[in-house]
Amino acid sequence: MTTISTLPPLPNGVSLDHEGPLPLLRGSSGACSFSLSLQGAQLLNWTPKGQSPVVWLSPDAKFLPGKSPRGGIPICWPWFGPHQQPNYPAHGVARTGEWSLLEARLDEHGDVFLRFKLLPSAESQALYPEEIDLEVSYRLGTQLEVELTTHNHTSTAFELTEALHTYLGIGDISDLSIEGLEATDFIDKVDQGTRHRQKGLIQIAGETDRVYLSTQTRCSVTDPILQRRIVIDKEGSASTIVWNPWSEKAKSLGDLGDSGYRQMVCIESGNALDNVVSVAPGDTHRLWVRYTSLPL
Ligand code: TA6
């Protein structure tokens, strides 16, 4: 757990708070407001001024040590999804790990810039070499930029899968379309992992859990109810994951409430399943994503 005393001075508009036992940063500027859990360096909410949350947090999210609150942008690393070892945590150790806040400042545009580094733990040292460093940085303003960098300081290649598991706030799941993945191959985790090719725009009418492969394209979510389009640009990511649990799965999760699944869709930028990343000795792998919310 990040100890409060180790924080650097915080820029104007950013303050320390708590949600239950978890320390949070809360920020507000002329451009946006946000909240971030120091556990997991997990952005919980990003809301451009005058809009409803673009990065969305479940109203039923639980704030407990060792648990990633439902929503925001959980950092899935150094593996995405379940691990072959059944006792290893789903989506890796970064999203519940202890991170150190290395940098907190306003940039030349007045955006808030935050940079964190994952601290090794007894658990993590059993799972990957401690000379593998992970950092995440956020630039929060009228747009949101997230950069996840893996540095390999060992003498052997390091293989990983990863994702920024982003929950986007929407008007209603039944009135939405997702563009950018047309004619892209995907693995359908709701249909026994079978492989398909996307025909046309994506609309969601039931549990959806798809890993789109070898795609670097821009995606956008058109939301007629909130009268906005959320545009997602990415670099260093070959997979785009689209997920909505729908009603039955949502009930089993226990932290989405009865209708929370209707107000969210996950569009996750990462490198998953076939798209394993191998970081050469001494090399750095960079996953970068930018979110822009535009009026329709
Ligand atoms: O990204 C989609 C997914 O892998 C789903 O299969 C579902 O497990 C979701 O992540 C949420 O996982 P979590 O461990 O946060 O409940």
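A polar contact is a pair of N or O atoms within 3.5 Å, and this cut-off is applied to the ligand in the views that follow, all taken from a predicted model.

**View 1. Polar contacts between the ligand and the side chains of His165, Arg95 and Asp209.** In the side chain of histidine 165, an N or O atom is 3.0 Å from an oxygen atom of the ligand, a distance that falls within the 3.5 Å cut-off. Arginine 95 likewise offers a side-chain N or O atom, at 2.8 Å from a ligand oxygen, while a polar side-chain atom of aspartate 209 lies 2.6 Å from an oxygen atom of the ligand. Taken alone, the ligand exposes 390 Å², and 82% of that area is buried by the protein. Among the residues around the ligand, besides these three, are Arg70, Phe80, His91, Lys189, Ile241, Trp243 and Glu268.

**View 2. The largest pocket, with a volume of about 410 Å³.** Its lining is made up of 26 residues, of which Arg70, Ala90, His91, Arg95 and His165 are the closest to the centre of the pocket. By class, the lining divides into ten nonpolar, eight polar and eight charged residues. Strand β19 (239-244) and helix α2 (246-253) each contribute at least two residues to this lining.

**View 3. The second largest pocket, which holds about 290 Å³ of space.** Fifteen residues line this pocket, and Pro78, Trp79, His83, Gln84 and Thr161 are the closest to its centre. The lining comprises eleven nonpolar residues, three polar residues and one charged residue.

**View 4. Backbone geometry in the loop between β5 (75-76) and β6 (99-106), where proline 78 is placed.** Most residues other than glycine have a negative phi, and most peptide bonds are trans. The peptide bond that runs from tryptophan 77 to proline 78, however, is cis, with omega near 0°. Histidine 91, found in the loop between β5 and β6, has a positive phi, near 65°. Histidine 91 counts as buried because its relative accessibility is 13%, and buried means under 20%.

**View 5. Serine 214 in the loop between β16 (208-212) and β17 (219-223).** The phi of serine 214 is near 50°, a positive value in a residue other than glycine. With a relative accessibility of 54%, serine 214 counts as exposed, since that class begins over 50%.

Methods. Residues numbered from 1 in each chain as written. Predicted model: local features only at pLDDT ≥ 70, side-chain atom pairs only at ≥ 80, totals over all residues. Heavy atoms only, no water. 1 Å grid on protein atoms, 1.4 Å probe; cavity = no way out; pocket = protein on both sides within 12 Å on 5 of 7 lines; lining within 4 Å. Points joined across faces, edges and corners; volume = space filled by probe spheres on them. Helix = DSSP H or I, 4+ residues; strand = E, 2+ residues; numbered from the N terminus. Nonpolar A, V, L, I, M, F, W, Y, C, P; charged D, E, K, R; others polar. Buried < 20%, exposed > 50% of the residue type's maximum accessible area, 1.4 Å probe, protein only. Near = heavy atom within 4 Å. Polar contact = N/O pair within 3.5 Å; in protein donor to acceptor, adjacent residues only side chain to side chain. Areas by Shrake-Rupley, 256 points an atom, 1.4 Å probe, with all protein chains shown as cover.
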